[in-house]
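The following exercises are to be worked with the sequence and the model at hand. Each task is followed by a solution in steps.

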Amino acid sequence: MKQKVKDNLQQQTKMAYDQATVYARELKQEILERRRAEAELELRVAQLSLINGIGRRIASALNLNTVLTTAARLVQETFDYHHVALFLIDGDTLKLEAVAGSDEAHFPVGHTQKLNKGIIGWVATHGQRVLANDVGVEPRYVSSSAEYTVTRAELCLPIKLDGQTIGVLDIQSPRLNAFNGNDIIAMETLTDQITVALETARLHESVQRELTERKRAEQALQQAHDELEQRVEERTTELRRSEERYRNLFDNANDLIQSVDAQGHFGYVNRSWLEALEYTEDEISGLRLEDVIHPDQLAHCKEMLQQLQIGERFINQRLVLITKSGQPLAVEGNFTPYFEEERFVACRGILRDITEREQAEEALATRLRYEQALSACSQVLMADIDLEEALTETLYELLVATDASRVYIFENFEDANGDLWMHQTREVCALDVPAQTDDSPLSPMPYKQDFERWQSILRRGQPIAGVVESFPQRERQVLAKRGILSILVLSIWVEGRWYGFIGFDDIHRPRKWGQADIKLLQTAAGMIGVFIERKRSENTLRESEEKYRVLIEQSSDAIYLIHGGRFEVINRKFEELFGVTQEDANAPDFVFTNIVAPKSQGMIKELAGRKAEGHMGSPLYEFTALDKDGNEIEVELTVSYPTYQGGLATQGIIRDITERKHTEEEKRRAYQQVQQYADELAEKIKAEQHLVAELKETQAQLIQRERLAALGQMAATVAHELRNPLMSIRMGVEYLLHDVDQTDPRQQAAALMQANMDRIDRIVEDILFISRAPRPNLTSDLLQLVIEDELARWELKLSEKEIVCHTRLDPDLPPILLDYDQMGRALSNLIGNSVDALEPGGELHLTLHAEADSQVIILSDNGPGISPENQSKIFEPFFTTKSRGTGLGLSIVKQIVDYHQGRIDLWSEVGVGTKFTITLPQQRKA
């Protein structure tokens, strides 16, 4: 008994040691993976921050050349790339607009190349990025000047505007594998910002040119008007002679010229006025101010008319006119009074159509507003604030920028059936718009109910935009209930998967969303997706850190981390073992040798020397330690050297093995005493091993009996619940067919129902048999008769399936004790399995012969066989490889053979066949 205790203690000690080793290895691996994830996340956040800074600086440039030059220089300086170039497509060539880096002297601005040349030409032609981390194996790579080119890796991305490629961003490096996934994401984000800056610069230049031309025209027209007035006052006679000439100038002027009398009636207008307001000359005589002035400005116009009558003049006055078709027309011009003999006759107006200019200014203002909103959103999403607060503030910024009624986010999720649903998670609304967060018809709801089209479009990353009135009827009905007149929906992607969408509603006007709106807001959706992904990563990292902290604190071993010669981390067990606190360990004079006994100092110095020589393994050391009071402690130390705060640290796991050492010493002293009893104990061990084997067998039988007992209780309930309804159904079918002719089709249906009811009844019987395990009713009988009876029952089925059955039964075998019915059931199950497995024309062999003091039944077939992984499980209850069946047949067979004190063996090979061998004793044991 004492030896058993010692053996158990030794085994437990070994198990504890193995567990500690595994735990230390896993802990080290998890810490390394966490650090790699932290480093990658920090790099990605830093890149996005740099890209955001570059985007703000190029967005502030309004000159096209300045935008391109600034972008190239900032990318090269910020990311320290070897060569950065920006090309724009000019006809069938690519023109170098900006370049920065080491190759700047060899590639001057204005350099051109064909669209079909090299990686740059391929990207411009196909509109797809190319990443060549080894240009030596890239067939599309062409060196412009091989004598000085040092390029080993190249990343080239298209610059697109409204879906069309307008240029490329080309980055080259002298290093192999210089670019990774983060570089691609960063540069793709940058190309979007370059596109926005290019379009803004072009729009600004266009507006400036138009304003300059307008100003020149206005000055010329004003000068002509002043000269005309002077000539009217000084040379009335000459004016009459030149009336036709000036009338022609008046009619052909591009500006709108009009005359209105004191009562607001139009006196004369020129051709440009008629064309702009869609009237004819015949309709002018009946027109009044209120017919062409926008209702909101009518009172202001009448006040202007009154002031003109007293000699006031109005310069660069803006008005809104209404055309004959009801369209608004923005104009700007000068209004001067005309007097005859000091009596007001009319006011003359020279107007310019500024509708297009205001639209351009509005577009520019909208773009600037969007860019400011995107910049604000970027700052919010990059800040270290709560996810809910950040998303709410971002949605509010987008609400203000778009002048929408509502902005919201819907998140996708799958139900138990795998169907995709949408669920509204966040929403902000304008002041006069009610919130819809609790609107049950939309939140949550399945896509397949009314929005299958949305699921298909958004999954492809395409937008849904337009006036709701033009949407399909099912969508229109749902959206109209919320009062939505116009909507824009954009996909949100997180970790490469479709996360959900961001939506913009307008309940006040049927707004049409332009490509510029969609492009800029898609950038916002992408920023939101990156933010959600980052927050998820941070939460995962935080949970991981908390898990590691709990594991370290709850560890039964002392754990420490030394960096820069100081203890950075010690756990609770370290404090308990050595009697020090974290504050003590942080003291400058507290070093590792403080906890090492004098007799172990040499070993520790050797360990430090191995580290200095570059041996960074993690061997196991045993030494004597000292606690704070000077008490010696025998410990076991495992050392590793992880990366920590940019350098190498020393991490150790210390285990108190004092008790183990004492135990080992006792074991050593007791070993000699134990040795003399070795032979005697060996014999006892053999006996005990036999006893243990019997105990294990008994335990397995008890477990199986308990499982079968539980199954029996269930089976009794199932049998009661199934058989009573089956009996009622069977009687009902017989009653309904009582007077039905045998040729009636209902008889066939009834036969099918009865066959299925018989099948259910057999299944219940099998469950009851395997669970209740009825004891066999043994009588002396011939095994040969049992086999012949079962073959006779299966003869018709064998004939129908064209299966050839070969039998060889020894007729001289004596009777044995058996349960005739149960043994017949076992053979029937085996024959049935073979019949199910065999194809037409298959063969079945059944033999009976004597072997020593047993009778052996062998049943074999040439069917498909049983796979090796299933052979060990075929006798388990409910295991089956058939599409139909309960999996109880072979379990019942084994149970019957076991109750007859027999044995059943299986041999099978896939593609060859299967053989069952049943060995039954000639005489049963008492």
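**Exercise 1. Identify the residue opposite L131, then describe the sheet around this pair.**

Solution. Step 1: L131 stands opposite L155, a residue of β5. The model is predicted, so local features need pLDDT of at least 70 and side-chain atom pairs count only at pLDDT 80 or more, while totals for chains, interfaces and linings use all residues. Residues are numbered from 1 along each chain as its sequence is written, and side-chain values use heavy atoms, with hydrogens and water left out.

Step 2: β4 and β5 run antiparallel and are joined by three bridges. Strands (E, at least two residues) and helices (H or I, at least four) are DSSP runs numbered from the N terminus; two strands pair if DSSP finds at least two bridges between them.

Step 3: The open sheet has six strands in the order β3-β2-β1-β6-β5-β4, with antiparallel pairing. β3 and β4 are its edge strands, each pairing on one side only. On average, neighbouring strands of this sheet are turned by 25° against each other, direction ignored. Axes here are lines fitted to C-alpha atoms, for helices over the stretch in contact, and angles run from 0 to 180 degrees between N-to-C directions.

**Exercise 2. Determine which strands α3 lies across, and which of its residues are buried.**

Solution. Step 1: α3 lies across β1, β2, β3, β4, β5 and β6, and runs at about 25° to β5.

Step 2: In α3 (residues 118–126), the buried residues are G118, I119, I120, G121, V123 and A124. Buried means under 20% relative accessible area, with a 1.4 Å probe and protein chains only.

Step 3: These buried residues pack against β1 (83–90), β2 (93–101), β3 (112–114), β4 (130–132), β5 (153–161) and β6 (164–173); contact means heavy atoms within 4.5 Å.

Step 4: After α3 comes G127, with a positive phi near 70°.

**Exercise 3. Explain why β19 and β20 each have one side without a neighbour in their sheet.**

Solution. Step 1: Five strands make up an open sheet in the order β19-β18-β24-β21-β20, and the pairing is antiparallel.

Step 2: Because β19 (566–570) and β20 (620–626) stand at the edges with a single partner strand each, one side of each has no neighbour in the sheet. Neighbouring strands are turned by 35° against each other on average, direction ignored.

Step 3: At the β19 edge, four bridges join this strand to β18 (residues 558–563), and the two run antiparallel. L561 has V569 of β19 as its bridge partner.

**Exercise 4. Characterise the second largest cavity: what is its volume, and which element gives the largest share of its lining?**

Solution. Step 1: A cavity is a set of points, on a 1 Å grid over the protein atoms alone, where a 1.4 Å probe fits but cannot get out; lining residues have an atom within 4 Å of a point. The count comes to eight cavities of 30 Å³ or more.

Step 2: The second largest cavity has a volume of about 130 Å³, the volume being the space filled by probe spheres set on the points, which are joined across faces, edges and corners.

Step 3: Its lining comprises 15 residues, of which Q258, L289, C301, L319 and F335 lie nearest the centre. The elements giving two or more residues are β7 (256–261), α8 (289–292), α9 (298–308), β9 (314–322) and β11 (343–353). The largest share, four residues, comes from α9.

Notes
Buried < 20%, exposed > 50% of the residue type's maximum accessible area, 1.4 Å probe, protein only. 1 Å grid on protein atoms, 1.4 Å probe; cavity = no way out; pocket = protein on both sides within 12 Å on 5 of 7 lines; lining within 4 Å.
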